[in-house]
Amino acid sequence: FVVNSVTDLSRHRHHATQPKADARPTLIPDGMGDKPALNFGGTGQFMEIAGQVLADPLCTIVCVVRDDRGSGHRTLISNWSGRDGNSTSSLFLGLTAENTVRFSDAFGSAGEVSDRAKPFILSAVNGQDSASVFQNGQLLKSASQLPKRRLDTSWVIGQQGNIDGEFWKGRVAEIRVYDRALKDRERRSVEMQLAEHYGILMNSQKTAPQMDIQTLALASLCHVLMNSNEFLFID
């Protein structure tokens, strides 16, 4: 069924709403693992966020999403507003082409996601020294800190600001926005929590490939040779 509002679970009351019936996303009860998710069809569905989400460009955005093989620009969260003059100084996170990440126009080629049709965690951090994007905990790309951003225009989910286009095509289970650049350990903690909740395999959890018999034999020989020498080995 269609969804006309989503409650912000933080204390900041940035609730998301969509008064227009034909622009509302649909709710899939088991859309992300066995957890609910919103489905955006890529043809006009988006939601408006109450209030100014960020006051400072130093921030972290973490999204739990699935891209249903969209193409071209498609945006998850944005405050782009051409009529208000921030078409090149807005802040947004989304994809373009097949799997290229965009973290604002200033970081328009922020790495490439893999297995985009499967649920994944997309994180973007703009810190004092650099801007970085991660998928399932793995760094995709880093660049210089984003230049000055204008953040006082309206925020939306699933569309590029007020452009009436660049719609997200896929599912969105959760978006978390932090008003500071999380430290690496903090970001990883958030990602691990989300991965466990939605049943997503983090890249650091992937099983290492099994060695064949010949490789195992060579490894054993190397260990024997190492242990047969009387010296201190420091790594």
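**Close-up views of a predicted model**

**View 1. F103 and its surroundings in the predicted model.** Setting aside neighbours within four places in sequence, F103 is in contact with I61, L91, F92, L93, A110, A124, V125, N126, A131, V133 and L146. Find F103 in the structure, then pick out these partners one by one.

**View 2. The largest nonpolar core.** This core holds 33 residues. Those with the most contacts inside it are L91, L93, V101, F103, L122, V133 and W155. Strand β6 covers residues 59-67 and gives the most to this core, with four residues. L91, L93 and V133 are also among the contacts of F103 from the previous view.

**View 3. A second core.** Apart from the largest nonpolar core lies another one. This other core has 13 residues, among them M32, V62, A195 and I200. V62 is also among the contacts of S123, the residue shown next.

**View 4. S123 in strand β10.** Strand β10 runs over residues 120-126, and S123 is found in it. Is S123 buried or exposed? Its relative accessible area is 0%. Buried means under 20%, so S123 counts as buried.

**View 5. The partners of S123.** Which side chain makes a polar contact of 2.7 Å with that of S123? The partner is E191. Leaving out neighbours within four places in sequence, S123 is in contact with I61, V62, S132, V133, F134, R187 and E191. Two of these names, I61 and V133, also appear among the contacts of F103.

**View 6. The largest pocket.** Its volume is about 1,100 Å³. The lining consists of 31 residues. Which of them lie nearest the centre of the pocket? They are T7, D8, L9, I175 and R176.

**View 7. Strands that line the largest pocket.** Three elements give two or more residues to the lining: β4 (35-41), β5 (47-49) and β14 (169-178). The most comes from β14, with seven residues.

**View 8. The whole protein, for orientation.** The secondary structure comes to two helices and 14 strands. Of the 235 residues in the protein, 44% are buried. Now take the contacts between residues at least 6 apart in sequence: 63% of them join residues at least 24 apart. The protein exposes about 12,800 Å², and carbon and sulfur atoms supply 51% of that area.

Terms used
Residues numbered from 1 in each chain as written. Predicted model: local features only at pLDDT ≥ 70, side-chain atom pairs only at ≥ 80, totals over all residues. Heavy atoms only, no water. Buried < 20%, exposed > 50% of the residue type's maximum accessible area, 1.4 Å probe, protein only. Contact = heavy atoms within 4.5 Å. Areas by Shrake-Rupley, 256 points an atom, 1.4 Å probe, with all protein chains shown as cover. Polar contact = N/O pair within 3.5 Å; in protein donor to acceptor, adjacent residues only side chain to side chain. Core = buried A, V, L, I, M, F, W, Y, C linked by side-chain atoms within 4.5 Å. 1 Å grid on protein atoms, 1.4 Å probe; cavity = no way out; pocket = protein on both sides within 12 Å on 5 of 7 lines; lining within 4 Å. Points joined across faces, edges and corners; volume = space filled by probe spheres on them.
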